[in-house]
Amino acid sequence: MPPARAAGLDGLAQVAGKIRDAVESVIEGKPGVVRLALTVLLAEGHLLIEDVPGVGKTMLAKALARSVDCSVRRVQFTPDLLPSDITGVSAYNQELREFEFKPGPVFANIVVGDEINRASPKTQSALLECMEERQVTVDGTTYPLERPFMVISTQNPVEMEGTYPLPEAQRDRFTARISMGYPDPAAELEMLDVHGQSSPLDRLRPVAHAGDVRRLIEVVRRQHVAQPVKQYAVDLVAATRTHPDLRLGASPRATLHLVRAARAYAALDERDYVRPDDVQELAVHVLAHRLLPTAEAQVERRRPEHVVADLVNRLPVPSPRA
């Protein structure tokens, strides 16, 4: 490993470790979930947290946002929320006698969208441009968003009352989807002591700056991905498009997100190259939420997560490094 790259990975591990420890001081017993959230941040992606109410979805989003000293805005998605409530609006200034743009909450480094699927699809679509292109267009004028830019959204399962399913284009822009799951009994018992009298979020202080995150992202971009590993990611995504249990496979954007996330995942292990194992570890989180099962698969409860896991087990794995 070249000395410059080694130094970059050492710095990444140090800063990322501080962020991870800060988040884990709030979220007990979920190291894998915290690592995946950090992976998405370093991969310049967006994170969708889906689970039943009360398991800490919003707490995870807030903890990650507060651990980095940058601009953070929170949006509570409701059925009456309008697209302009997110992106901003041009309002007439009586004194200047002209229209001026008033930025919405999307103009922040980290945007926390709480219960995103309680808003209408029209409002959900207000995030499409900013999530993909890091910009917002209002009344024909385009405004760039400051980097790093990350959307962390929580949603309740679509079977629950008062929810709208996310459009396919919206889901495709989220790099990964994770589920918190219920804590184990020991972690839940510890939670009673930690959260019993006051919220640990109140004690959480930033341990990194936006500039630190930008530098870490540059280190992740330089991670080596061998041609066989790239081909493995392409083959894995392509296999979802012809699987008999799926009526919609993963897009080329999914392949790009999978490789980006694998770079960040390897960097967190202080490796300067990506292994097939990294792709396999992330495949379900990155791909499953983009897939639509057939009606027959739904009836027989064959979920997209099962399809991706089956493909990971069946596809031949290339040599670890080339």
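**R271.** I looked up R271 first and found it in the loop between α11 and α12 (276–287). The model is a predicted one, and I keep that in mind for every entry below. Is R271 buried or exposed? Its relative accessibility is 9%, and R271 therefore counts as buried, the cut-off being under 20%. I then checked a distance along the chain against one in space. R271 and G8 are 263 residues apart along the chain, yet their C-alpha atoms are separated by 11 Å.

**Salt bridges, whole structure.** I ran the search over the whole structure, and the count came to 21 salt bridges. The general idea is that side chains of opposite charge can pair when their charged atoms come close. I took three pairs for a separate look.

**R20 and D21.** The side chains of R20 and D21 meet in a salt bridge, with 3.6 Å from N to O. I looked up the accessibility of both partners. R20 has a relative accessible area of 35% and is partly exposed. D21 is at 43% and is also partly exposed.

**E132 and R253.** Here I noted a salt bridge whose closest N and O atoms are 3.0 Å apart. Which elements does this pair tie together? E132 sits in helix α6 (residues 128–133) and R253 in helix α11 (residues 252–268), so the pair links parts that are 121 residues apart in sequence. E132 is partly exposed at 34% relative accessibility. R253 is partly exposed too, with a relative accessible area of 21%.

**E146 and R214.** The closest N and O atoms of this salt bridge are 4.0 Å apart. That value stands at the limit, because a salt bridge is counted within 4 Å. E146 belongs to the loop between β8 (141–144) and β9 (150–155), while R214 belongs to helix α9 (residues 210–221), so the pair ties together parts that are 68 residues apart in sequence. I checked how open the two partners are. E146 counts as exposed at 51% relative accessibility, whereas R214 is partly exposed at 35%.

**Network.** I followed the shared partners next. Salt bridges join R35, D269, R271 and D278 into one network. This brings R271 back into the notes: the residue I recorded as buried is a member of that network.

**Sheet.** I traced an open sheet of five strands and wrote down the order β3-β6-β9-β1-β10, with parallel pairing. Which strands form the edges? They are β3 (72–76) and β10 (176–178), each of which pairs on one side only. I recorded an average twist of 15 degrees from one strand to the next. At the β3 edge, I looked at the pairing with β6 (residues 110–114): the two strands run parallel and five bridges join them. Within this pairing, V72 stands opposite I110 of β6.

**Cavity.** How many cavities of 30 Å³ or more are there? I found one. The largest cavity holds about 30 Å³ of space. I listed its lining as L41, V68, C70, N109, I110, P148 and V213. I110 thus appears twice in my notes, once opposite V72 and once in this lining. I sorted the lining residues by type and got six nonpolar, one polar and no charged. N109 is the polar one, because Asn is not among the residue types counted as nonpolar or charged.

Technical notes:
Residues numbered from 1 in each chain as written. Predicted model: local features only at pLDDT ≥ 70, side-chain atom pairs only at ≥ 80, totals over all residues. Heavy atoms only, no water. 1 Å grid on protein atoms, 1.4 Å probe; cavity = no way out; pocket = protein on both sides within 12 Å on 5 of 7 lines; lining within 4 Å. Points joined across faces, edges and corners; volume = space filled by probe spheres on them. Buried < 20%, exposed > 50% of the residue type's maximum accessible area, 1.4 Å probe, protein only. Helix = DSSP H or I, 4+ residues; strand = E, 2+ residues; numbered from the N terminus. Pairing = 2+ DSSP bridges. Axes fitted to C-alpha atoms, helices over the stretch in contact; angles between N-to-C directions.
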